[in-house]
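Welcome! Take a moment to look over the model below, and then we will walk through it together.

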Amino acid sequence: MDLPKNAFKAALKAGQKQIGMWVSIPDSGVVELLAGCGYDWLLIDTEHSAMGAVETLPLMQAAAPYPVSTVVRPGWNDAVEIKKLLDCGAQSLLIPYVQNADEAAAAVAATRYPPHGIRGMAGTTRATRYGAVRDYATRAHEEICLLVQVETAEALDQIEAIAAVEGVDGIFIGPADLAASMGYPGQGSHPEVKAAVVDAVKRITAAGLPAGFLSLDPVMLDAVNAAGGTFIAVDVDMVLLRREATAKAAQWRDKIG
């Protein structure tokens with residue numbers, strides 16, 4: 001069996017815009033439903049959810065039959081956690097809270113086998129299709145997409161240095177933590193935060209990498225899209241469910257008085 005292709009990585013390299021949905025509900029049925037809704041990618045979030053590496057595997061399996069890519073976010077820039085997610089079959093990773101080029105390089109090393117990195121060897125994993133993929137150890141990096149998350153004011157100053165790290169395939173701006181680091185906790189759409197995000201997206205693209213973003217604010221999403229954002233997540237499953245459920249309840253409360 002040949003190494004599975006990473007359609008998401010190929011699309012980013014080609015400069016094709018990709019719309020995504022954030023997944024925080026650890027349920028394969030929810031992921032299967034979302035996988036058929038027309039998104040290009042689904043972000044499986046283990047940083048701010050109850051999920052760990054084991055729970056991501058059935059979610060990736062649920063999405064696999066559909067024309068959608070899965071991206072997994074570990075809880076931290078941790079080599080052991082990254083190793084587990086890769087062995088579970090993740091080909092695209094979003095590494096949170098990368099502050100500088102050294103931390104970006106450490107994330108890259110965690111996704112590469114020696115002598116180019118520190119990823120531990122394992123032959124019978126979902127990543128290798130349980131040993132069926134030929135030359136996996138020497139070719140895995142070709143289809144691994146490594147995205148790093150810049151989410152503090154300090155990290156914004158390091159964008160060009162981070163973008164220059166070989167093996168980094170894209171940079172994602174995290175607006176919530178960025179807003180907090182700028183002194184505006186809970187105000188991801190503050191004008192100063194918006195200006196910083198737009199400037200960061202332009203700098204990322206000028207450095208030759210695709211820029212990513214997540215927001216529930218359509219104005220922010222439009223601004224990032226106009227600034228050249230490439231992979232943009234437009235909603236969160238749990239937020240979407242609650243928003244629609246409460247709206248439906250309110251609608252019917254009005255009807256029945």
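Among contacts in the protein chain between residues at least 6 apart in sequence, what percentage join residues at least 24 apart? The figure is 62%. Keep in mind as you read that this is a predicted model.

**The chain as a whole**

If you trace the protein chain from end to end, you will pass through twelve helices and eight strands. How does its radius of gyration fit a compact globule? For 257 residues, such a globule would have a value near 18 Å, and the protein chain has 18 Å, so the two agree. The C-alpha trace, followed along its principal axes, spans about 65 × 40 × 30 Å.

Here are some values for the protein chain side by side:

| Property | Value |
|---|---|
| Share of the 257 residues that count as buried | 49% |
| Exposed area | about 11700 Å² |
| Share of the exposed area from carbon and sulfur atoms | 56% |

Charges are part of the picture too. The protein chain carries 21 positive and 30 negative charges, and the mean positions of these two groups lie 6 Å apart.

**A visit to one residue**

Now let us zoom in on Thr70, which sits in strand E3, a strand made of residues 69-73. Is Thr70 buried or exposed? Its relative accessibility is 17%, and buried means under 20%, so Thr70 counts as buried. Which residues does Thr70 touch, leaving aside those up to four places away in sequence? Its partners are Leu42, Ile44, Met60, Ala63 and Ser92.

Definitions and conventions:
Residues numbered from 1 in each chain as written. Predicted model: local features only at pLDDT ≥ 70, side-chain atom pairs only at ≥ 80, totals over all residues. Heavy atoms only, no water. Helix = DSSP H or I, 4+ residues; strand = E, 2+ residues; numbered from the N terminus. Rg over C-alpha atoms; globule rule 2.2 N^0.38 Å. Buried < 20%, exposed > 50% of the residue type's maximum accessible area, 1.4 Å probe, protein only. Contact = heavy atoms within 4.5 Å. Areas by Shrake-Rupley, 256 points an atom, 1.4 Å probe, with all protein chains shown as cover. Lys, Arg positive; Asp, Glu negative; His and termini not counted. Charge placed at Lys NZ, Arg CZ, Asp CG, Glu CD.
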